[in-house]
Amino acid sequence: MKLLFSFVLLLFSATVLAVPVNVNKESAEKIAESLKGVGLKKAEAIVKYRQEHGAFKSADDLTHVSGIGAKTVETIKQDILLK
């Protein structure tokens, strides 16, 4: 029983973990799907900002996007790819 519980817990944990995503290349849908706490509206804002201002040079540049603050960036920083 403990083994079954451990397996279910591990399986659930794997689906909750964020997947690293390149915010300079991916679609809004992929960004929203991959970054914890970033929904479709924020992901669309990321893509719009990227199209208007060019590629992000650092994860901290995401704070220039409306609706994304330093706290959000700290939370998702390890899952952001830039190249």
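Let's start with a handshake between charges: the side chains of glutamate 33 and lysine 30 come together in a salt bridge, with N and O 3.8 Å apart. Keep in mind that you're looking at a predicted model. These two partners both sit in helix H2, which covers residues 28-34, and because they are three residues apart there, about one helical turn separates them. How open are they to the outside? Glutamate 33 is exposed, with a relative accessible area of 65%, while lysine 30 counts as partly exposed at 30%.

That's one of three salt bridges in the structure. For another, find lysine 77, whose side chain meets that of aspartate 60 at 3.2 Å, N to O. This pair ties together distant parts of the chain, 17 residues apart. Lysine 77 lies in the loop between helix H4 (70-76) and strand E2 (80-81), and aspartate 60 lies in the loop between helix H3 (40-53) and H4. Both count as partly exposed: lysine 77 has a relative accessibility of 31%, and aspartate 60 has 39%.

Lysine 77 isn't done yet, though. It also forms a salt bridge with glutamate 74, where the closest N and O atoms are 3.3 Å apart. With partners shared like this, Asp60, Glu74 and Lys77 are joined into one network.

Now for the rings. Searching the whole structure turns up one aromatic pair. The partners are tyrosine 49 and phenylalanine 56, with ring centres 5.6 Å apart. Why is the pair called stacked? Planes under 30 degrees apart count as stacked, and these two planes are at 15 degrees, so the pair fits that label. As for their surroundings, tyrosine 49 and phenylalanine 56 are both buried.

Notes. Residues numbered from 1 in each chain as written. Predicted model: local features only at pLDDT ≥ 70, side-chain atom pairs only at ≥ 80, totals over all residues. Heavy atoms only, no water. Phe/Tyr/Trp six-rings, centres within 6.5 Å; stacked < 30°, edge-to-face > 60°. Buried < 20%, exposed > 50% of the residue type's maximum accessible area, 1.4 Å probe, protein only. Salt bridge = Lys/Arg side-chain N within 4 Å of Asp/Glu carboxyl O. Helix = DSSP H or I, 4+ residues; strand = E, 2+ residues; numbered from the N terminus.
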